[in-house]
Amino acid sequence: MVPACGRPSGVVSDPRYNTARWRCIRARQLTEHPYCRYCQDAGRVSIATVADHIVPHRGDAQLFWDTSNLQSLCAPCHSATKQAQENVQEATGLDGWPEE
C-alpha cells in the first residue's frame, strides 16, 4: 500500500522538505517503520513522527533523497537525542577528536 502523501506541515529551512516527493518519501518511511528507532533501542515503544536522515545531508542532494539513509524517530528523540548527537559531532568532528 502506498501511503497518502499529504500536504506541507510547516515552515522548514530546506525547501526540499516542502515538496510532494519528500512528503511521499516521509509517508512511506513512517508507514513501513512506524515506531521510533531510538525508543525501540531503549526498550520503549513510541510512534514515530519524523523521517530523520541518519547521516545529516548538510545540503547534499544524494544524501537527502537516499531512502536507505532514513530512520523513523519520535519528535522528542529527534529534538533532543539526535540533535545532541549531531552537535557533538560538529564540535568534535566525525572522528571524535576536537576540531581546531
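Here a biologist asks a modeller how the labels on this predicted model were reached.

Biologist: Let's start with the overview. What makes up the protein chain, in helices and strands?

Modeller: The protein chain has four helices and two strands. Going along the sequence, the pattern reads α-α-β-α-β-α. Buried residues account for 31% of the 100 residues.

Biologist: How do you know that strand 1 and strand 2 pair, and in which sense?

Modeller: Count the bridges. Pairing needs at least two bridges, and strand 1 (residues 50-53) and strand 2 have four bridges between them. So the two strands count as paired, and the sense is antiparallel. As one example, histidine 53 stands opposite leucine 70 in strand 2.

Biologist: Which way do the side chains of strand 2 point?

Modeller: Leu70 and Ser72 point one way from strand 2 (residues 70-73), while Gln71 and Leu73 point the other way. That fits a general habit: in a regular strand, side chains alternate between the two faces of the sheet. Here, all of Leu70, Gln71, Ser72 and Leu73 are buried.

Biologist: Why is glutamine 71 called buried?

Modeller: Glutamine 71 has a relative accessible area of 4%. The label "buried" needs a value under 20%, so glutamine 71 earns it. Glutamine 71 also has a partner: its side chain makes a polar contact with the side chain of arginine 37, at 2.8 Å.

Biologist: What makes that 2.8 Å pair a polar contact?

Modeller: The cut-off for such N or O atoms is within 3.5 Å. The glutamine 71 and arginine 37 side chains come in at 2.8 Å, so the distance passes the test.

Biologist: And tyrosine 38, buried or exposed?

Modeller: Tyrosine 38, in helix 2, has a relative accessible area of 15%. That is under 20%, so tyrosine 38 is buried. Its C-alpha atom is 9.4 Å from that of glutamine 71, although the two residues are 33 apart along the chain.

Biologist: How many salt bridges does a search of the whole structure find?

Modeller: The search finds two salt bridges. One joins the side chains of arginine 16 and aspartate 14, with 2.7 Å from N to O. The other joins arginine 28 and glutamate 32, with 3.7 Å from N to O.

Biologist: Why is the 3.7 Å pair called a salt bridge?

Modeller: The nitrogen and the carboxyl oxygen must lie within 4 Å. At 3.7 Å, arginine 28 and glutamate 32 meet that limit, so they count. As a general idea, side chains of opposite charge can pair when their charged atoms come close. Arginine 28 and glutamate 32 are four residues apart in helix 1 (residues 20-32), which means about one helical turn separates them.

Biologist: What about exposure of the residues in these two salt bridges?

Modeller: Arginine 16 and aspartate 14 are both buried. Arginine 28 has a relative accessibility of 38%. Since that lies between 20% and 50%, arginine 28 is partly exposed.

Biologist: How many disulfides are there by the rule?

Modeller: The count is zero. Take cysteine 36: its nearest cysteine sulfur, that of cysteine 74, is 3.7 Å away. A disulfide needs the sulfurs within 2.5 Å, so cysteine 36 is in none. Cysteine 77 is in no disulfide either, with the sulfur of cysteine 74 at 3.5 Å. Both cysteines are buried, with relative accessible areas of 0% for cysteine 36 and 6% for cysteine 77.

Biologist: Now the outside. What makes valine 45 exposed?

Modeller: Exposed means over 50%, and valine 45 has 69%, so the label follows. Valine 45 lies in the loop between helix 2 (37-41) and strand 1. Together with Tyr35 and Ile47, Val45 forms a nonpolar patch on the surface, with about 330 Å² of accessible area.

Biologist: Why is proline 76 called exposed?

Modeller: Its relative accessible area is 58%. That is over 50%, so proline 76 is exposed. Proline 76 is found in helix 4 (residues 75-92).

Biologist: Where is arginine 58?

Modeller: Arginine 58 is in the loop between strand 1 and helix 3 (61-65). At 55%, arginine 58 is over the 50% cut-off, so "exposed" is the right word. Arginine 58 also has a positive phi of about 45°, although it is not a glycine.

Note on methods: Residues numbered from 1 in each chain as written. Predicted model: local features only at pLDDT ≥ 70, side-chain atom pairs only at ≥ 80, totals over all residues. Heavy atoms only, no water. Buried < 20%, exposed > 50% of the residue type's maximum accessible area, 1.4 Å probe, protein only. Patch = residues over 30% accessible without salt bridge, like charges linked within 9 Å, V, L, I, M, F, W, Y side chains within 5 Å. Areas by Shrake-Rupley, 256 points an atom, 1.4 Å probe, with all protein chains shown as cover. Polar contact = N/O pair within 3.5 Å; in protein donor to acceptor, adjacent residues only side chain to side chain.
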